[in-house]
Each structure stands twice: as structure tokens, then as C-alpha cells.
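Thanks for coming. I will take one structure today and go through it piece by piece. Please look at it on the screen before I start.

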Amino acid sequence: MAAVPKVKLNTGALIPAVGLGGWSGTTKEQHAQATPWILTAIKSGYRHIDTAWGYGTEKYTAEAISLSGIPREDIWITTKLPWSHPGLKTAEESLDDSLKRLNTSYVDLYLLHWPQVVDWPDEGPEYQGPHKIRANAPSSNETWAQMEELYKKGKAKNIGVSNFSVKNLEKLLQTAKITPAVNQVELHPYLAQPQLKEYCDTKGIVLTAYTPTGYDTVRSDSTIVELAEKYKVSPAQIILGWHLARGVVVVPKSSNATRQRDNLNLPTLSPEDVQRVTALDRNQRLCNKPDENGVVSGWTLEELGW
Ligand SMILES: NC(=O)c1ccc[n+]([C@@H]2O[C@H](COP(=O)([O-])OP(=O)(O)OC[C@H]3O[C@@H](n4cnc5c(N)ncnc54)[C@H](OP(=O)(O)O)[C@@H]3O)[C@@H](O)[C@H]2O)c1
């Protein structure tokens, strides 16, 4: 097992390559149960936590950090600008609200959560109804310009995007003065995204994988299980080790202390085994899947560029 590496962003900042995913369900009760498992993760050595307004866990991330006794500046915090805020709040107002919940004066990474803007009938992250695109909302280019100001002010030490395809990155880069440091997307062996990876490598944008283990669907793949036996680790560790070999940051979520530790202790796969895992790609989304009309949260696959 190798020590958890750090990945250098285009700002020069070093992001811990393994972070703890902070999404834990859609109800207030599930959110309120997050403090103890975020705390066990920090105690196991996690120094990177991935949260969002939409996860309802910013407040519990702050609680866990405070209880851990680890100085805030030793923990990398990523949060996200929700798709429902552009046009209703400025990026600064939205980030200021997150900073209050996170009990901090800055975030290490602030991501534009989605390229599209969605109407949200209620201000809370627990809303689960249909996602309707808001008419006349600001473009991601306009919101990005506001995020660039937050970077200049130091409230966001790094800025990036999430769920952006090559198509939407190209559009963003037409006006961006600052290239996103990170693009956080669904990425696992069944969705290896080779074109997006190559494009982001060319532009100096680091990919972060969400749904990085690919759930039981990928964890039970026979090649993954065979490699787990070979390296004497779990299937999830093989998959996460594969991401690290590709220079991808991962944010697996586990509320179980043993699995949290496993996800931090990753094998170094041989180049041949990295290839074997990459060859499992079948362009299959497991988390944000299109509905029967080919729509994901209000946008068609064509609009998303997926
Ligand atoms: N930007 C976005 O739009 C977006 C979208 C989705 C997710 N995310 C981020 O990505 C994070 C992770 O995504 P995800 O939750 O979809 O996928 P994931 O981390 O790949 O999967 C989480 C599931 O896998 C289980 N698990 C974790 N480690 C395991 C292990 N070593 N062995 C067996 N099972 C294991 C967890 O159960 P236990 O808790 O019981 O271990 C949980 O049920 C989220 O928490 C969030 O921070 C971002």
C-alpha cells in the first residue's frame, strides 16, 4: 500500500487524492446523522471532505472537524454552488451562506455543481420533485465570472466545475479568465470517460471521480473481483487504486469506519492491470442516469454533452 498521494492543481495547490464523499441521503434525519461518521473518517486520516449545499451536510462537516481537534487549515474542504441559486443569489451570497454553515472563512475548492440552472420550489436541499430548468437564468459563463471574483478575494482558494462535458467546458472557456482547477464528474470503470480525461489533461484540469467505486454493479465485476484476490484487497480498493493510477482524485463515501480505512489504503496497480480495468469501460452511468426521455435534471444528453 502506498501513502495517500496529493495531486497538484493548476493553481499550485495540492489536493489530497482521496477525500470523503459527503452525500448521505435526501432527508434531514440522514443529514443529521453525518457528524459521527465524518468524525471517524477524520480520525482515520481523511484530510479532504467533499460536501455541498445540496447534500445538507455542510453543518455536520463543520461539527466533525471541530470535534476532531484537527486544525481547519489541515483539512481540505470542497463545497459547491447549487444549480438553483444563479439568478436568485450572487455566487458570493451563496458561498457566504456555505461558509457560515461550514464555520470557516474560506473553502479550499468551490465547484459550480451543474452547468444548468434548475428551479427549486423550496430552499432546502431535501426537495425531491421534478427538476425544471429556470427560464432566463444566468449562463454558466456569467456564474463562473462571479466565482472568479471569489477566487481573487481568497474566499475560495480554488474554483472548479462539476458535471461539465467537453462541450460545456469549451463553452465556459470561451469567456473564462481562470481555467477551472477541477472538474468533478461521475467516473468509474464502467464510465472511464477517456475523451473527457484527455481533454482535461490537455487543459490542466484535474478530474475528481464521483460515484468512484461504481456501487455494487462495478464492485462485483468479475475482473475487479479477480484483481481484488490477486492484490489481497477489496474490490473497492482495486477500483480506487485504478483512479489514482490515472491521476484522478476520488471522493468515496462510506459511513463505515472499516471501509473508510480501506478506501484510504490503496494498492498500486501494475500498468497491465490498470489497462484491464480501463478496458471495462461501457459508457454506463450509474448515479445520474438519464430518464426515459433521455433527460438528466432538466437537460437532454445533448445539452449536457454526455
Ligand atoms: N458532483 C456531483 O454531482 C456528485 C454526484 C454524486 C456524488 N458526488 C460525491 O461523490 C461522493 C461519492 O459518490 P457515491 O456515494 O455516489 O458513490 P460511492 O462512494 O462510489 O459509493 C458509496 C456507496 O458505496 C459503499 N461503499 C463505500 N466504500 C466501500 C467499500 N470499500 N466496500 C464496499 N462498499 C463501499 C457505501 O456504503 P457504506 O457507507 O455503508 O460503506 C455507499 O453505499 C458523494 O458522497 C459526493 O460527495 C458528487
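When I say buried, I mean a residue with under 20% relative accessible area; exposed means over 50%, and partly exposed is what lies in between. One caution as well: this is a predicted model.

Let me begin with helix 2, residues 34-44. Its buried residues are Ala34, Thr35, Trp37, Ile38, Leu39, Ala41 and Ile42. An α-helix has 3.6 residues a turn, so residues three or four places apart point the same way. What do the buried residues of helix 2 pack against? Two of the elements are strands, namely strand 3 (20-21) and strand 4 (48-50). The others are helix 1 (28-32), helix 3 (58-68) and helix 11 (257-264). Just after helix 2 comes Gly45, which has a positive phi of about 120°.

Now the sheet. Eight strands make up an open sheet with parallel pairing, and the order is 3-4-5-6-9-10-11-12. Which strands stand at the edges? They are strand 3 and strand 12; each has a single partner strand, so one side of each is without a neighbour in the sheet.

Within that sheet I want to spend a minute on strand 9, residues 159-162. Ile159 and Val161 point one way, Gly160 and Ser162 point the other way, and all are buried. On one hand, strand 9 runs parallel to strand 6 (residues 109-112), joined by three bridges. Gly160 of strand 9 has Leu111 opposite it. On the other hand, strand 9 pairs with strand 10 (residues 182-186), also in the parallel sense, over two bridges. Val161 has Asn183 of strand 10 as its bridge partner, and Ser162 stands opposite Gln184. To get from strand 9 to strand 10 the chain passes through helix 6 (residues 166-173), and this β-α-β crossover is right-handed.

Just upstream, the loop between helix 5 (140-153) and strand 9 holds Lys157. Is Lys157 buried or partly exposed? Lys157 is partly exposed, at a relative accessible area of 41%. Leaving out residues up to four places away in sequence, Lys157 touches Tyr106, Val107, Asp108 and Tyr151. Its C-alpha atom is 7.9 Å from that of Tyr110, and the two residues are 47 apart along the chain.

Next, a charged residue. Arg246 sits in the loop between helix 10 (235-245) and strand 12 (249-250). Arg246 is buried, yet has no salt bridge. Where is the nearest side chain of opposite charge? That is Asp281, 7.1 Å away; a salt bridge here would need a side-chain nitrogen within 4 Å of a carboxyl oxygen. What Arg246 does touch, again leaving out residues up to four places away in sequence, is Leu187, Ala192, Pro194 and Lys197.

Last, the cysteines. How many disulfides does a search of the whole structure find? It finds zero. Why is Cys200 not bonded? The closest cysteine sulfur to that of Cys200 belongs to Cys287 and is 18 Å away, which is too far for a bond. Seen from Cys287, the closest cysteine sulfur is the one in Cys200, at 18 Å. As for their surroundings, Cys200 is buried, with a relative accessible area of 0%, whereas Cys287 counts as partly exposed at 32%.

That is the end of my tour; I will take questions now.

Conventions:
Residues numbered from 1 in each chain as written. Predicted model: local features only at pLDDT ≥ 70, side-chain atom pairs only at ≥ 80, totals over all residues. Heavy atoms only, no water. Buried < 20%, exposed > 50% of the residue type's maximum accessible area, 1.4 Å probe, protein only. Helix = DSSP H or I, 4+ residues; strand = E, 2+ residues; numbered from the N terminus. Pairing = 2+ DSSP bridges. Right-handed = clockwise from strand over helix to strand, strands pointing away. Lys, Arg positive; Asp, Glu negative; His and termini not counted. Contact = heavy atoms within 4.5 Å. Disulfide = S-S within 2.5 Å.
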